[in-house]
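Thanks for coming. I will go through a few residues one at a time, and you can follow along on the screen.

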Amino acid sequence: MEKYLINPNQKIAKINKDIYGSFSEHLGRCIYEGIYVGENSKIPNVNGMRTDVVTALREMGLPVLRWPGGCFADEYHWKDGIGEKSSRKKMINTHWGGVVEDNSFGTHEYFELCRQLGCDTYVNGNVGSGSVREMSEWVEYITFDGVSPMAELRAKNGHKEPWKLDYFGVGNESWGCGGNMDPEYYGCLFKRYNTYCRDYKAGEHIKRIACGPNSGDYHWTREVMDKVKHHANGISLHYYTVPTGNWNHKGSATEFDNNEYISTICKAYKMEEIITNHLAVMDSINPQKWVKLIVDEWGTWYDVEEGTNPGFLYQQSTMRDAIVAALTLNIFNKHADRIMMCNIAQTVNVLQSVILTDGEKMVKTPTYYVFKMFKEHQNNTLLGSFITTENIKSKNDENREFPQLIESASIDENGVIYSTVTNTSSTKSAKIKCQIADRKVKSLRAEILTGECHSKNDFENGDNVKVVDFTDFKKLSDGFTANLPACSVVKFIIE
Ligand code: AHR
């Protein structure tokens, strides 16, 4: 029996709701088809946005959406995406599939989408191929409420009122697709571009996000932090879970053996090490901890589904992905004191998406259900907690070990405790005994997402994997015991 302790007396930090954010790029069928179908589509929509997808994302509690990229952001010229749709410039999306981008989804459409979703906004600007003026004018176009050329242009294009811009990214992956820069050079560019992105509305600061490292590149973090520490609110880390560790043969999303399953989980757990190490570097340069960590691209990355455009990054999603999502979100919760926002890549039809679409059809992936289960953590206070666990060894990763169980617990304003426990083993169940320090348990409810690790939701069978009530527990006066099935995510609601 594993021991699980939750300490309501130890209130660690508020869990920023934006840790549960998502990312939507002009890539494959994410924006076009997946989210935006246009007003004239026979797919039910409001102002061009798919009603089924918007409804599902609202129910999932999506708090913030990053747009327009990714690599696309550093090739995107925002003025091509405003005004009359028929006269918007067309371009080739050279990064993603070589298809024509007709710019029918642009700034106005993004803010309309976020309005419908009721979520915060995170726009990523172009440093790689854009000018300082272009970036400056975009922020002016979005947020300025006075007399100015960009505010006038926005009004002429049908939106007199400015929008609220919560986060602004100054470049994306500037170490790679965003310009192949050195960190020192990028750090200086960040300061220059950022200077001209004004806060136009008194009391409304746009949080500035500097391009951070690729997974374990601590040199990048050190150099960029040194330059941006007085200017940026956050620095963004990208880390993807590639089961084989080989970008040329990443592995299949649906066909994998147990060693590959274990290796996937092992690689997903690397997030903990990477975050801890980057935070240590950040703290050494900015001990006041003004600059927060953002993880604005994360998730599993497999070989694309057979017969699909390799540049569209379309992959199916299984219970394995749900376990990756649940363990990663528990890691993010545990770092709530330093992590401001995270954005899974991506929202619809790309990489570890929460939704898949096929024409009129839509399906929610197992990952979707994890986000829905975890949504009560948003804006709660993280509690001190600890669980004993066996370790699992990954043969494919030089016998590296990772914990079978991982959890986090939070408390809401009414004193209700939410605990999310993940059993990452694909074969072994786990018995746990939980004790809540200094607290009598009045009532206990629980929900579970579980299935064989290959289980998935698809257009033929619909929601095969979904959240159901969990009853294999016994309430005790100061806690509970429970039996967690293999490959499961369980949420306990403790009053
Ligand atoms: O999410 C897909 C791509 O991965 C993004 O465009 C890029 O930033 C990253 O390399």
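**Salt bridges, a loop and some backbone angles**

Let me begin with aspartate 166, which counts as buried at 7% relative accessibility. Keep in mind that this is a predicted model. The side chain of aspartate 166 meets that of lysine 164 in a salt bridge, with 2.5 Å from N to O. Is lysine 164 buried or partly exposed? Lysine 164 is partly exposed, because its relative accessibility is 43% and that class runs between 20% and 50%.

Next, another pair. Lysine 89 and aspartate 80 form a salt bridge through their side chains, at 3.6 Å from N to O. Lysine 89 is exposed, with a relative accessible area of 54%. Aspartate 80 has a relative accessible area of 15%, so aspartate 80 is buried. The cut-off for buried is under 20%.

A third salt bridge joins the side chains of aspartate 283 and lysine 289, and here the N to O distance is 3.9 Å. The cut-off for a salt bridge is 4 Å, so this pair counts. Aspartate 283 is partly exposed at 24% relative accessible area. Lysine 289 is also partly exposed, at 36%.

How many salt bridges does a search of the whole structure find? The search finds 25. Some residues are linked in a network of salt bridges: Lys17, Asp18 and Asp120.

Now to a loop. Strand 13 covers residues 339-345 and strand 14 covers 355-358, and asparagine 349 lies in the loop between them. Is asparagine 349 buried or exposed? Asparagine 349 is buried, because its relative accessible area is 1% and the limit for buried is under 20%.

What does the side chain of asparagine 349 reach at 2.8 Å? It reaches the backbone nitrogen of threonine 357. A polar atom of the same side chain lies 2.9 Å from the backbone oxygen of arginine 29. If we leave out residues up to four places away in sequence, asparagine 349 touches a list of residues that includes Cys30, Gly34, Phe312, Leu313 and Tyr314. Arg29 and Thr357 are in that list too, along with Ile355 and Leu356.

Stay with that loop for a moment. Glutamine 346 is also placed between strand 13 and strand 14. The peptide bond that joins alanine 345 to glutamine 346 is cis, with omega about -5°.

There is a cis peptide bond elsewhere as well. It runs from tryptophan 67 to proline 68, and omega is near 5°. Where is proline 68? Proline 68 sits in the loop between strand 5, residues 64-67, and strand 6, residues 91-93.

Last topic: positive phi values. Serine 215 is not a glycine, yet its phi is positive, near 35°. You will find serine 215 in the loop that runs between strand 10 (207-214) and helix 6 (218-228).

Glutamate 398 is not a glycine either, and its phi is positive at about 50°. Its loop lies between strand 17 (391-394) and strand 18 (400-403). Why does glutamate 398 count as exposed? Its relative accessibility is 79%, and exposed means over 50%.

To go back over two points: asparagine 349 is buried in this model, whereas glutamate 398 is exposed. Both are in loops, asparagine 349 between strands 13 and 14 and glutamate 398 between strands 17 and 18. That is the end of my part.

Conventions. Residues are numbered from 1 along each chain as its sequence is written. This is a predicted model: local features need pLDDT of at least 70, side-chain atom pairs count only at pLDDT 80 or more; totals for chains, interfaces and linings use all residues. Side-chain values use heavy atoms; hydrogens and water are left out. Helices (H or I, at least four residues) and strands (E, at least two) are DSSP runs, numbered from the N terminus. Buried means under 20% relative accessible area, exposed over 50%, partly exposed in between (1.4 Å probe, protein chains only). A polar contact is a pair of N or O atoms within 3.5 Å; within protein, one must be able to donate a hydrogen and the other to accept it, and residues adjacent in sequence count only if both atoms are side-chain atoms. Contact means heavy atoms within 4.5 Å.
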